[in-house]
Amino acid sequence: MTQTSSANPATATMRPAEALAAHLLAMIAAHEHLLTLAAEHRAAISRADGPAVEKLSAQQTELVRAVATLEQHRRAAARAVVGERPARGSPEPTIQRVLALLPEPDRTTIATHSAKLRALVERVQEEHRVVRRATTLMLSHMEGLMRQVAQALSHAGTYSRAGSVPAGSAQVVSSLDLTT
């Protein structure tokens, strides 16, 4: 286990276990930031602040891309720890396999970081479920408001098959010919 990890230039000179720990710490920081953004996103939805929701969505998308890159580096570092080269279709080494090969204190460090990351990933997933639900509720509410406005403004009183005035689907133009 004297190989160096070359998956990321920043960790290329580190021992594989050190590189893996560094990648796990970077992923922990990224997921903590995702949690912060998700909380801000939920607050922006509750304020019905469209520009803030759009900005936060873009930031989260960018951060998720960064996490994907970090995940590639983490996988490469884990392969370096177990001494494998990436092969098409071969399974990635599990954390249990990696931990079994590491001496102390690396084993404890990696185990601690991976447990913290796992907990953060679960929290981020839960927060995103909450944000998704809040977004769905907000959109349903807005759709209901649009229907009510369309119904109030529909002077012809026309309805769709569903029994409501479709919002924004067609304008009803009425006229009266006074030339006889």
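In this predicted model, Pro-105 is found in the loop that separates α3 from α4. The peptide bond that leads into this residue from Glu-104 is cis, and its omega is near 0°.

A second loop, between α1 and α2, holds Ala-48. Although Ala-48 is not a glycine, its phi is positive, at about 55°. This positive phi occurs just after α1. Ala-48 has a relative accessibility of 54%, and exposed means over 50%, so Ala-48 counts as exposed.

The helix that precedes Ala-48, α1, has 31 residues. From its first C-alpha to its last, α1 reaches 45 Å, which is close to the 45 Å expected at 1.5 Å a residue.

The helices also meet in the nonpolar interior. The largest nonpolar core has 28 residues. Leu-20, Val-98, Leu-102 and Ile-110 are the residues with the most contacts inside this core. The elements that give two or more residues to the core are listed below with their residue ranges.

| Element | Residue range |
|---|---|
| α1 | residues 16-46 |
| α2 | residues 50-82 |
| α3 | residues 95-101 |
| α4 | residues 106-153 |

Of these elements, α1 gives the most to the core, with 12 residues. In soluble globular proteins, nonpolar side chains tend to be buried together.

Taken together, α1 is the helix that contributes most to the largest nonpolar core, and the loop between α1 and α2 carries Ala-48. The loop between α3 and α4 carries Pro-105, with the cis peptide bond from Glu-104.

Notes: Residues numbered from 1 in each chain as written. Predicted model: local features only at pLDDT ≥ 70, side-chain atom pairs only at ≥ 80, totals over all residues. Heavy atoms only, no water. Core = buried A, V, L, I, M, F, W, Y, C linked by side-chain atoms within 4.5 Å. Buried < 20%, exposed > 50% of the residue type's maximum accessible area, 1.4 Å probe, protein only. Helix = DSSP H or I, 4+ residues; strand = E, 2+ residues; numbered from the N terminus. Expected span 1.5 Å × (residues − 1).
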